[in-house]
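Colleague: Could you take me on a close look at one part of this model, the largest pocket? I would like to know what lines it and what sits around it.

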Amino acid sequence: MTPPIRNKQSIGSTLWMKRLSGVWSTENIKVARRVIVSAIGATVLLIGIALLVLPGPAFIVIPLGLAILATEYAWARRWLKRVRRMASNIVSGRNDMPPGDSRA
């Protein structure tokens, strides 16, 4: 048996390190993080929506999904603020309906 021939692009070479750093640039890491956060947040949010009709804690899971998505998206931050405000009003017993609205 002959010993394996060492390639010029071995692990310790600078060319290999340059290629690796090119693949894992800051922009690529940001995109990968956004994709992962989006997938996890959307999954949790969809599970929470499904729990509205299934037995389970939908009113805990939906804000959790929005909180995960809010780390990356402004629309999710706005919805999370709205959900927090609604939950706060429900807990405190306040009713913030406009004066002209006479729903019972």
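**A close look at the largest pocket**

Modeller: Happy to! A good place to begin is Phe59, which is found in helix α3. Please keep in mind that this is a predicted model.

First, the setting. The protein chain has 4 helices and 0 strands, and from the N terminus on its elements run α-α-α-α. Of its 104 residues, 19% count as buried.

Now to the pocket itself. The largest pocket holds about 250 Å³ of space. Two elements, α3 and α4, each give two or more residues to its lining. Of these, α4 gives the most, with 6 residues. If you want to pick out the lining on your screen, look for Leu52, Ala58, Phe59, Ile62, Pro63 and Leu66, together with Trp79, Arg82, Val83, Met86, Ala87 and Ile90. By character, the lining divides into 11 nonpolar residues, no polar ones and 1 charged one. Arginine counts as charged, so the charged member of this lining is Arg82.

Let's return to Phe59, since this residue has a second role in the picture. Phe59 lines the largest pocket, and Phe59 also belongs to a nonpolar patch on the surface. Its partners in that patch are Leu46, Ile49, Leu52, Val53 and Leu54, and the patch as a whole has about 700 Å² of accessible area. Phe59 counts as exposed because its relative accessibility is 72%, and the cut-off for exposed is over 50%. Leu52 is likewise found both in the pocket lining and in the patch.

While you have the model open, here is one more contact to look at, this time between charged side chains. Side chains of opposite charge can pair when their charged atoms come close. In this model the count comes to 1 salt bridge, and the side chains that meet in it are those of Arg33 and Glu72, at 2.2 Å from N to O. Arg33 lies in helix α2 (residues 26–50), while Glu72 lies in the loop between α3 (58–70) and α4 (74–92), so the pair ties together parts that are 39 residues apart in sequence. That loop lies between α3 and α4, the elements that give two or more residues to the lining of the largest pocket.

The two partners also differ in how they are covered. Arg33 counts as partly exposed, with 47% relative accessibility, whereas Glu72 is buried, with a relative accessible area of 18%. The cut-off for buried is under 20%, which is why Glu72 falls in that class.

Methods: Residues numbered from 1 in each chain as written. Predicted model: local features only at pLDDT ≥ 70, side-chain atom pairs only at ≥ 80, totals over all residues. Heavy atoms only, no water. Salt bridge = Lys/Arg side-chain N within 4 Å of Asp/Glu carboxyl O. Buried < 20%, exposed > 50% of the residue type's maximum accessible area, 1.4 Å probe, protein only. Patch = residues over 30% accessible without salt bridge, like charges linked within 9 Å, V, L, I, M, F, W, Y side chains within 5 Å. Areas by Shrake-Rupley, 256 points an atom, 1.4 Å probe, with all protein chains shown as cover. 1 Å grid on protein atoms, 1.4 Å probe; cavity = no way out; pocket = protein on both sides within 12 Å on 5 of 7 lines; lining within 4 Å. Points joined across faces, edges and corners; volume = space filled by probe spheres on them.
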